[in-house]
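Work through the exercises below with the model open. Try each task before reading its solution.

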Amino acid sequence: MRVFDGSDVQISGLSLTPPSELCRIAQAAAPERNPGSFSVLLGHGVAQRVGEDGRVLDEQRLTDLANRVAEVPGVIGVVLGGSRARGEHSEDSDVDLGLYYRPPLDVDALGALAREVAGPGAEVTRPGAWGPWVDGGAWLRIDGTPVDWIYRDLDRVVACWRAARRGEFTFNAQVGHPLGVPDFTYAGELALAEVLIDSTGELTALRQQMATYPVALAQALAAGLWEAGFTLDIARKAVSRADTTYVAGCLFRVVLLCAHALHGRAGRWLINEKGAIASAGRLPAAPAGFTARAHGVLAHLGDRPDRLSAAIAAAQTLLDDVRAVCNPSQ
């Protein structure tokens with residue numbers, strides 16, 4: 001799944017905005033749809049990339065592309081995500097564009113645009129074609145640079161955000177995500193992205209709200225560590241059978257649950273399993289040596305009961321330390 005992972009958002013008190021105020025913010029924040037506003041947002045660092053045909057995918061080309069995408073019926077707005085939104089990109093980095101839409105999305109018009117800008121072989125999917133949480137989009141190559149279009153149903157994003165503010169979340173099954181996609185990923189993506197085109201002002205208003213990490217979500221992630229403890233208990237039952245695969249699956253889930261709880265404690269969005277352990281280890285309140293210890297849990301499992309038991313014991317100690325950080329009163 002392509003997600004807009006990125007920078008830090010500090011935790012603070014939960015402040016609910018009534019619908020009337022959200023509308024007021026949206027109207028005030030709605031930018032004019034012109035290349036200038038997009039260029040300002042991109043100005044902190046879009047690397048130029050020369051393609052095989054000598055053309056350059058520069059700020060102006062991205063400006064034109066985003067504006068044209070936003071003209072497709074159903075598209076509400078376009079955001080820049082990934083390393084480019086964080087200012088951490090390299091010359092070879094993809095351009096991740098999130099296409100926020102309300103059904104019906106005119107896929108035929110979007111496909112025609114894709115073929116125009118990326119060549120006759122370019123294809124776009126229908127919503128849902130990449131799975132229930134990845135949704136759909138296109139993998140394109142424009143002026144020698146990989147450009148990904150990623151669909152996001154705006155009403156579904158809003159629903160997931162409301163659930164996160166209530167402290168409700170689920171890890172949802174999705175191909176390519178062994179832990180599962182947490183539904184608050186949708187909120188985190190938008191919180192960490194750069195809003196490029198926002199025809200109604202809704203994306204900008206939502207992003208302003210999402211800058212405040214929900215206290216209720218942080219508490220729910222910490223409370224969810226019960227699952228990690230239970231998972232270690234059932235992993236122990238597989239030791240005598242030397243069932244390495246089962247134990248490995250359990251341990252993977254345990255360390256990722258710990259990483260999510262630590263990010264919640266720090267008030268920082270975690271929206272991608274890749275790099276999650278290293279990210280957790282960099283948090284100020286992370287237990288000492290978290291990254292090395294978490295990787296070490298899975299590094300040398302082997303197929304002997306004694307080694308499996310040792311790995312589970314190491315995971316238990318790590319979990320105890322994470323609990324101490326996330327639930328200091330317990």
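**Exercise 1.** Find the strands that helix α5 lies across.

Solution. Start at residues 107-118, which form α5. Helices (H or I, at least four residues) and strands (E, at least two) are DSSP runs, numbered from the N terminus. List the strands: α5 lies across β2 (95-101), β3 and β4 (145-153). Then take the angle: α5 runs at about 20° to β3. Axes are lines fitted to C-alpha atoms, for helices over the stretch in contact (heavy atoms within 4.5 Å). Angles run from 0 to 180 degrees between N-to-C directions. Next, take α8 (residues 202-210), which touches β1, β2 and β7. Its direction makes about 155° with that of β7.

The model is predicted: local features need pLDDT of at least 70, side-chain atom pairs count only at pLDDT 80 or more, and totals for chains, interfaces and linings use all residues. Residues are numbered from 1 along each chain as its sequence is written, and side-chain values use heavy atoms, with hydrogens and water left out.

**Exercise 2.** Give the strand order and explain the edges.

Solution. The open sheet has 5 strands, ordered β3-β4-β2-β1-β7, with mixed pairing. Two strands pair if DSSP finds at least two bridges between them. β3 (137-142) and β7 (194-198) each have a single partner strand, so one side of each lacks a neighbour in the sheet. The twist averages 25° from one strand to the next.

**Exercise 3.** How do β1 and β7 run, and how many bridges join them?

Solution. They run antiparallel, joined by 4 bridges. For one residue pair, go to G77: its bridge partner in β7 is D198.
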